[in-house]
Amino acid sequence: MRLGRNNPYTKIPKTKHEMKYGHVHYKALVAVVEIIRDHGGHVSWSEVSERTGISRFTLGRHFRLDPRNELRLAIAGMLDNVDNWLERQGRLIPKTDSGYNELILRALFKLMYQGGEFFTVACSEYRHEGVIYRVAMKLFLHLNFDWLPHGVPAPDVHSERAGMCIRMMEEVIIRWGRETNCDKNKADLYIARILRIIKAAEENKLP
């Protein structure tokens, strides 16, 4: 699923159709996340309807699967969009640009900001699904590292060194989501923290 006109998960609706279609998806999926957070276990569309005020009929027109599987589909689409978006941005920025990593980070934070409430809640509250870790892993794969000492092969994404870097970036992204509601205008502090993590990873100085 690519970032585009028909994707209700990672862009703010613009047309009247998108506003209606996107609003129902945002509101319903956020409610699914909140119900799982508050009660765990099974989630029914009746519970979603009661929490959101959206009728069962309307929910039935927009969703075909049970709430948990619809949420999994939304998360999968969201992660695909992260990958596609960062890949696109990476092609526009010369790898030799000294500010490459910062620009890639700003691109990610912008995408999450555009995702609105769904990104804010799904990424912050649905952590037990590993959503933010997977976002951080995709970010890791698009960053430009200058690994030290020079000449050693880059660590595999599943290595201990890479895993520590990804987990630390995950923590920063989660804090940004919780503390600012994914506000890209308040991202500078968190971007600076991730840049320091990248530098520490390059020098093998992570805790």
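Before I count anything, let me say that helices here are DSSP runs of type H or I with at least four residues, and strands are E runs of at least two, both numbered from the N terminus. On that basis, the protein chain of this predicted model has nine helices and zero strands, and reading along the sequence gives the pattern α-α-α-α-α-α-α-α-α.

Turning to the chain as a whole, there are 207 residues, of which 49% count as buried. The accessible surface comes to about 10900 Å², and carbon and sulfur atoms hold 51% of that area. If we look at the contacts in the chain with a separation of 6 or more, 63% of them are accounted for by residues 24 or more positions apart.

I would like to spend the rest of my time on one pair of helices. How do the axes of H5 and H9 cross? Helix H5, residues 100-114, and helix H9, residues 188-202, have axes that come within 10 Å and cross at roughly 135°. Because angles over 145 degrees would count as roughly antiparallel and 65 to 115 as roughly perpendicular, this crossing makes H5 oblique to H9. The crossing of these two helices is, in addition, right-handed.

As for which residues make the contact, H5 contributes Asn 101, Glu 102, Leu 105, Arg 106 and Phe 109, while from H9 we have Asp 188, Tyr 190, Ile 191, Ile 194, Leu 195 and Ile 198. Sorted by character, the residues of this contact between H5 and H9 comprise seven nonpolar, one polar and three charged.

Notes. Residues numbered from 1 in each chain as written. Predicted model: local features only at pLDDT ≥ 70, side-chain atom pairs only at ≥ 80, totals over all residues. Heavy atoms only, no water. Axes fitted to C-alpha atoms, helices over the stretch in contact; angles between N-to-C directions. Parallel < 35°, antiparallel > 145°, perpendicular 65-115°, else oblique. Left-handed = near helix turned anticlockwise from the far one by under 90°. Contact = heavy atoms within 4.5 Å. Nonpolar A, V, L, I, M, F, W, Y, C, P; charged D, E, K, R; others polar. Buried < 20%, exposed > 50% of the residue type's maximum accessible area, 1.4 Å probe, protein only. Areas by Shrake-Rupley, 256 points an atom, 1.4 Å probe, with all protein chains shown as cover.
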